[in-house]
Amino acid sequence: MVDQLSAVFAALADPTRRAILARLRDGEATVAELAEPFAMSQPAVSKHLKVLEQAGLITRTRRATARLSHLRAEPLRAAREWLGDYRAYWRESHDRLDDLLTELQEKDT
């Protein structure tokens, strides 16, 4: 079984799924509404929705005959926190690079 963080990153790896999540920030949508901007069938979009649902990034409900998708942002918070752990590393790396560039510029003058 895949842990949720891995499932989130796998789901986010696809640009179509990222676009679907961006659309769902504006509110719930049907499969037809989500499929509209893409050159793919509704069943293909449904497969993307299944991946997003399995990753915990969306929930799906029924209203009459429509199946609505809703954004669940909580798993994104966990991904952001995981990535945030590397912020200090990159800051230190950039500081070292800045120091090296300053040193090289001083040697050239």
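Here are a few questions and answers about a predicted model, mostly on helix α2 and its contact with helix α4.

This is a predicted model, where local features need pLDDT of at least 70, side-chain atom pairs count only at pLDDT 80 or more, and totals for chains, interfaces and linings use all residues. Residues are numbered from 1 along each chain as its sequence is written, and side-chain values use heavy atoms, with hydrogens and water left out.

User: In which helix of the protein chain is confidence highest?
Analyst: Confidence here is pLDDT, the predictor's own score for each residue, from 0 to 100. The chain mean is 90, with 98% of residues at 70 or more. Helix α6 (residues 87–108) is lowest at a mean of 82, and the highest, at 97, is α2.

User: How do α2 and α4 pack, roughly parallel or roughly perpendicular?
Analyst: Helices are DSSP runs (H or I, at least four residues), numbered from the N terminus. The axes of α2 (residues 15–24) and α4 (residues 42–54) are 10 Å apart, at about 80 degrees; axes are lines fitted to C-alpha atoms over the stretch in contact, and angles run from 0 to 180 degrees between N-to-C directions. An angle of 65 to 115 degrees counts as roughly perpendicular, so α2 and α4 are roughly perpendicular.

User: Is threonine 16 buried or exposed?
Analyst: Threonine 16 sits in α2. Beyond its neighbours within four places in sequence, threonine 16 has contacts (heavy atoms within 4.5 Å) with Phe38, Met40 and His48. Its relative accessible area is 14%, and the cut-offs are under 20% for buried and over 50% for exposed, so threonine 16 is buried.

Key:
Helix = DSSP H or I, 4+ residues; strand = E, 2+ residues; numbered from the N terminus. Parallel < 35°, antiparallel > 145°, perpendicular 65-115°, else oblique. Buried < 20%, exposed > 50% of the residue type's maximum accessible area, 1.4 Å probe, protein only.
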